[in-house]
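Please look over the model shown here before reading on, and keep the sequence beside it as the report proceeds.

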Amino acid sequence: MIVITTPTGQIGSRLLDILLDEVPAHGEELRVIVRDPGRLPAAARARVDVITGSHGDAEVVDRAFTGAEAVFWLVPSNAAAPSLDALYSGFTRAAAEAFRTHGVRHVVGVSALGRGTPAAGRAGHVTASLAMDDLIARTGVAYRALANPSFMDNLLRQAASIRDHGVFTDTVTADRRAPAAATRDIAAAAAGLLLDRSWTGTGEVPVLGPEDLSADDMARIMSDVLGRPVRYERQSLDDFRATLTGHGIGDAIAAGYVDMARAKDDGLDDGVRRSPATASPTTFRTWCEEVLKPVVQA
C-alpha cells in the first residue's frame, strides 16, 4: 500500500498518474488523502482507496497509514499559517507520530536544496522545510527528501504577464545561473523511490534539471519558443513582499518567501553538483514548448 498526499496538486497529480500506470505490475495498492474527492478524476477515483480530510489531521493520517508500506509526503501551502514552523513541522507532527504507530517503512518527501550551504539557516521556507525533513528522519522511517530547486512550473503564474506584456519577474540577479526543475520530473523521481523500496536510512535525492540557467537565459528561450519578445524584470525584495501581502499572504509566510528569495540569490541552490544521479531530463526549452506555450496561447 502506497499513500499519496496532495493527489490533486501539481506534483501529486502527476505522481498519481504515473503510479496508476505502474502499480499493477508491482502488485501495489494506492490510497490517497484528499480534502475534496470530487477533484480527483473519476477514472482515478475508481482505482484508489480515498481518505477524505487533511493530512495534517491526526485522525485522518491514523486511518490513512493503517497498513501502509510507503507514503508520499508534501506539505500544502497555507497563506494564513501563523509561522513557518507551524506550516511545515507543525503540520507534519501528527503524520510523524502515525509513521511510528503504524510501522510505515518508507517515506518520500518534497523538500528543497540548500542543506549544508551558508544560507541554509536563513532561507525562510527552505530552512523550515529542512527542519521538517529532520523531524521525519527522527521517526526511524527510511526517508528520502526530494531536494528541489525552483520549479519551472511556477512561471505559469505569470502566463498572463508573459502573454500580454512580454514580461516575467523574479528577485534574482538577471545573469545568475541556477538549477530549475520541472514538476513532472519531481513526480517521476518520487515514483521511482516509492516503487523500488530497496533503499534504507535517510538522505536527500536532488532533482536539478539538466542545466543551470539565468533569468536572462530563460527570457531568451521563452522568446524563441513563443515567437515574441519576452524580457526579465528584476523585482526588489520590498516590492516582492508587497505583492505577496497584496494577494492575501500573511506576514510570516510572506517574510519566509522574501528570505528564501534572498538566500537563492546568495547561492542557496549551488551546493549540489550536477551528475547523472542528480540531473533530471526535462530542459527548460522542452518545458516551454510542452507546458508554457499552450497556456500562453490558450
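The report that follows deals with a strand and its neighbours, then with a loop residue, and finally with salt bridges in this predicted model.

In a regular strand the side chains alternate between the two faces of the sheet. Strand S4, which spans residues 70–73, is covered on both faces, since Ala70 and Phe72 on one side and Val71 and Trp73 on the other are all buried. Strand S1 (residues 2–4) runs parallel to S4 and is joined to S4 by three bridges, with Ile2 standing opposite Ala70. Strand S5 (residues 106–112) is also parallel to S4 and is joined to S4 by four bridges, and here Phe72 has Val108 as its bridge partner. Together with helix H4 (residues 84–102), S4 and S5 make a right-handed β-α-β unit.

Most residues other than glycine have a negative phi. Thr6, although not a glycine, has a positive phi of about 45 degrees; Thr6 is found in the loop between S1 and helix H1 and is buried, with a relative accessible area of 13%.

The structure holds 22 salt bridges, and the table gives some of them.

| Salt bridge | N to O distance |
|---|---|
| Arg220 and Asp217 | 3.9 Å |
| Arg285 and Asp224 | 3.3 Å |
| Asp269 and Lys264 | 2.7 Å |

Arg220 and Asp217 both lie in helix H8, three residues apart, about one turn of the helix; Arg220 is partly exposed at 44% relative accessibility, whereas Asp217 is buried at 9%. Arg285 lies in helix H11 and Asp224 in helix H8, so this pair ties together parts that are 61 residues apart in sequence.

Definitions and conventions:
Residues are numbered from 1 along each chain as its sequence is written. This is a predicted model: local features need pLDDT of at least 70, side-chain atom pairs count only at pLDDT 80 or more; totals for chains, interfaces and linings use all residues. Side-chain values use heavy atoms; hydrogens and water are left out. Buried means under 20% relative accessible area, exposed over 50%, partly exposed in between (1.4 Å probe, protein chains only). Helices (H or I, at least four residues) and strands (E, at least two) are DSSP runs, numbered from the N terminus. Two strands pair if DSSP finds at least two bridges between them. A crossover is right-handed if, with the strands pointing away from the viewer, the path from the first strand over the helix to the second runs clockwise. A salt bridge is a side-chain nitrogen of Lys or Arg within 4 Å of a carboxyl oxygen of Asp or Glu.
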